[in-house]
Structures are given as C-alpha cells and as structure tokens.
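User: Please take a close look at the interior packing of this predicted model. I would like one connected account of it, followed by its setting in the rest of the protein.

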Amino acid sequence: MQKIQPVAYFTCSRARSQVLLTTSTQETKELVLAKDRLLAKGLDLAKDRLLALPQEESEKYTGSRELVLRENVSLDAYLKYRERDPDLSVLIYLDNGTIKAYELPTFPHSRVSATIKVSMGAWNRADLVYGDDVTLILGANSSKEPDSWVRPKYRIRPGPGAPAANNLGAAYPTMIIEVGHSQSLLDLHRKVALYFSPRTTIQIVLLVKIFKPKGNNTITLIVAKYVRTSQTPLIPKQVISFGTATPHQSTINYITNTMGVPQNCFIGFGRRDPVTGNNYPACNMANIGLYLMNIPANELFDGDSTVRPFTQAINQGFNLDLYEIQEAIRNEFNI
C-alpha cells in the first residue's frame, strides 16, 4: 500500500511560515526606515546647529559642543546604519551606545587632514599607507570614523579571534588624525580615550583645533600629540600653539589644568619659555625648529616586521611643519 505524504499539511505550514516571515521582515524594514527617518531629522537639526557654532564660538568656552542624536544603540545597529548611509552631511560617532554629532566637513577642516597626509606621503609612501573616513570599531559599543589614518603598508592582519579594526578583519592604523573646527578642544581631547582603548593597537593620535578667526584676521591654532607608549597616554606629550593669535587664557587653563599638560610641554606662539622667560618666536615661515612636530617612528611603525631595512631617515620619524598647516588654514579663511 502506497504511503500518502501529507503534502497539503506541509504546504500550508510552509506558506504560513513564509507569510509570517515576510510580515516580520517587512515590519523590521519599516521599523529601520522609521528610525532612519528620525535620525535624519536629527542630523538636519544638528547640521544647522553645528553650522552656527564656528560663528558663535568664543575661546572662553571650553565645554562640549557635541549633540546627542540617539541613545541605547548597539554597535551592530550603528555599523549597519553606517553601511546604509556612508555619506552624511554631519560627522557622527558611537560613544558607548550613544550616537553623537560632532563636526561638519568644512573646507578648513578637510584641508588640514589632507595637508598632513600629503606631507607625510612625500616623506614615505613606500612603507606607509594613508586613508580617511573609515568606520573603526573602538570598543564593545563604540565606533568612530577618524578624519585620517596612517599605518604600515603591509601590516599583518590580526589572527582569528583577535580584535580587528572592522568586521572584515583589518589591522588598526598606527596613527589617527583628528581635526576640530565645530567641535571644542574638550571634545577632541575626550576622543583619545576611545582611540587608545584596550581593544585597539593605535599608537599615535594627532589633534588639531581650529578656532574662529578674530576681527583683526589673526587665528588661534592648537596641535596636540598623544603617544600610547607614554607613561600618561591620555595627556598630550606635546602641545603647540602655531597660529597668529595668542590662545585665550581659558584655553591655556584648560590645556594646563584640565588636560594636565606640563608648562614646558605647551609651547609656541603666545607662550613663554619657562626656563628663560622669553616669548617663543612666531610661526611665520617654514622650517622653524620649534614648529616642527616630530611623529616618532617607533610608534608609527609599531615594530612592523615588514619594513626593512629601517633606514636612518625612518628612524628619525617624520617632522610635520606646522607652518604649512597654518598656511593652509589661513588660505581657506582668506586671512
């Protein structure tokens, strides 16, 4: 006797499952779209606010200028959102489950990171690679896109199970470049802890803060270098004032008191040599020793075994001429 298969039963059951699956998938898509639309509205509001910040900015203000867009966001949800919308008019990041808007991609902002990359590339593009706007995983619930990054060209990818820079298993950069135009010095400083989290192998963070030009066409510019191998990695190893205006006293107080930078490590225009008592010279031409910020080779290459031989030029690291950065910024502001 032939056994009759319960075809109708399985067909109906499968159809019912497909309907439920389709409905569930549709609801999920609609929920994602609704959340994205809400976030898009928040981004529009954030853009308007961030556009106004450089115009309203006073150097007396040393607080945060970041704008919270959404809280309780998982890393996975954030990464998927960035994959769907890689090109945003406002720069955002995930800070311990909170999406924050912090900067606009203005010409002065982008010109600085580009100038640094071009200068470093002229020094060494055989052993190093340069990039920008890559979404890095910085912690269990944190992610950010640095303005620019640098790493050895043939840096070995992390092994199975080891923390990677992204879901594709990429190696972390050894150097990060962050530029602040809309965001405050406080906001820039706080991000270093994310980059130097236990998960990453980032060794150097270089921050550049652009203040609002003054009425007399002068401008305050600050650069800070953080090194992971320092005994105090979250305190800049060196801070230089390289603009054409003296930093406001509130900025000086924030750098020396809140950030904890020793007086002899905060140098440059508008500062006095703590030993001689003399004013430091102006940053008004290229190749002034005071305004050559050294990017150390040991941390830049981080013991990368693919770079051989380690020449004397590489051993000395890269000297970033801050006058070139200042000139690029003044050109964008037409001052």
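Analyst: The account below begins with the overall frame, turns to the nonpolar interior, and ends with the pocket and selected loops.

The model is predicted, so local features are given only at pLDDT of at least 70 and side-chain atom pairs only at pLDDT 80 or more, whereas totals for chains, interfaces and linings use all residues. Residues are numbered from 1 along each chain as its sequence is written, and side-chain values use heavy atoms, with hydrogens and water left out.

The protein contains 8 helices and 14 strands, where helices (H or I, at least four residues) and strands (E, at least two) are DSSP runs numbered from the N terminus. Of its 335 residues, 47% count as buried. With a 1.4 Å probe and protein chains only, buried means under 20% relative accessible area, exposed means over 50%, and partly exposed lies in between. Taking contact as heavy atoms within 4.5 Å, 64% of the contacts between residues at least 6 apart in sequence join residues at least 24 apart.

The centre of this request is the largest nonpolar core, which has 44 residues. A nonpolar core is a set of buried Ala, Val, Leu, Ile, Met, Phe, Trp, Tyr and Cys residues joined through side-chain atoms within 4.5 Å. Those with the most contacts inside this core are Tyr78, Ile92, Ile202, Val205, Tyr226 and Ile255. Helices and strands both supply it: two or more residues come from each of α2 (75–84), β2 (91–95), β3 (98–103), β5 (136–139), α4 (185–195), β9 (204–210), β10 (221–227) and α5 (249–258). The largest share, 6 residues, comes from α4.

That helix is itself mostly covered, with 9 of the 11 residues of α4 buried. They are Leu185, Leu186, Asp187, Leu188, His189, Lys191, Val192, Leu194 and Tyr195, a list that holds Asp187, His189 and Lys191 beside the leucines.

Ile255 shows how the core is knitted together. Leaving aside residues up to four places away in sequence, Ile255 touches Leu185, Ile222, Val239, Gly260, Val261 and Phe266. One of these partners, Leu185, is also among the buried residues of α4. A second, separate core has 35 residues, including Met120, Leu221, Leu300 and Phe318.

Cysteines add no cross-links, as the structure holds 0 disulfides, a disulfide being a pair of cysteine sulfur atoms within 2.5 Å. Cys283 counts as buried because its relative accessibility is 2%, while Cys265 counts as partly exposed because its value is 23%.

Next comes the largest pocket, whose volume is about 380 Å³. On a 1 Å grid over the protein atoms alone, a pocket is an open set of points where a 1.4 Å probe fits, with protein on both sides within 12 Å along at least five of seven lines, and lining residues have an atom within 4 Å of a point. Grid points are joined across faces, edges and corners, and the volume is the space filled by probe spheres set on them. The lining has 20 residues, of which Leu91, Pro105, Asp133, Glu145 and Asp147 lie nearest the centre of the pocket. Two or more lining residues come from each of α2, β2 and α3 (107–123), and α3 gives the largest share, 5 residues. Both α2 and β2 thus contribute to the largest core and to this lining. By class, the lining divides into 8 nonpolar, 4 polar and 8 charged residues; Ala, Val, Leu, Ile, Met, Phe, Trp, Tyr, Cys and Pro count as nonpolar, Asp, Glu, Lys and Arg as charged, and the others, Gly among them, as polar.

The loops complete the setting. Tyr154, in the loop between β7 (148–152) and β8 (175–180), is exposed at 56% relative accessibility. Tyr154 nevertheless touches Asp304 and Thr306, not counting residues up to four places away in sequence, and its C-alpha atom is 9.0 Å from that of Ser305, 151 residues apart along the chain. Gly303 belongs to the loop between α6 (297–301) and α7 (312–315) and is exposed at 68%; its C-alpha atom is 9.8 Å from that of Pro152. Asn96, in the loop between β2 and β3, has a positive phi of about 50° although it is not a glycine, and is exposed at 61%.
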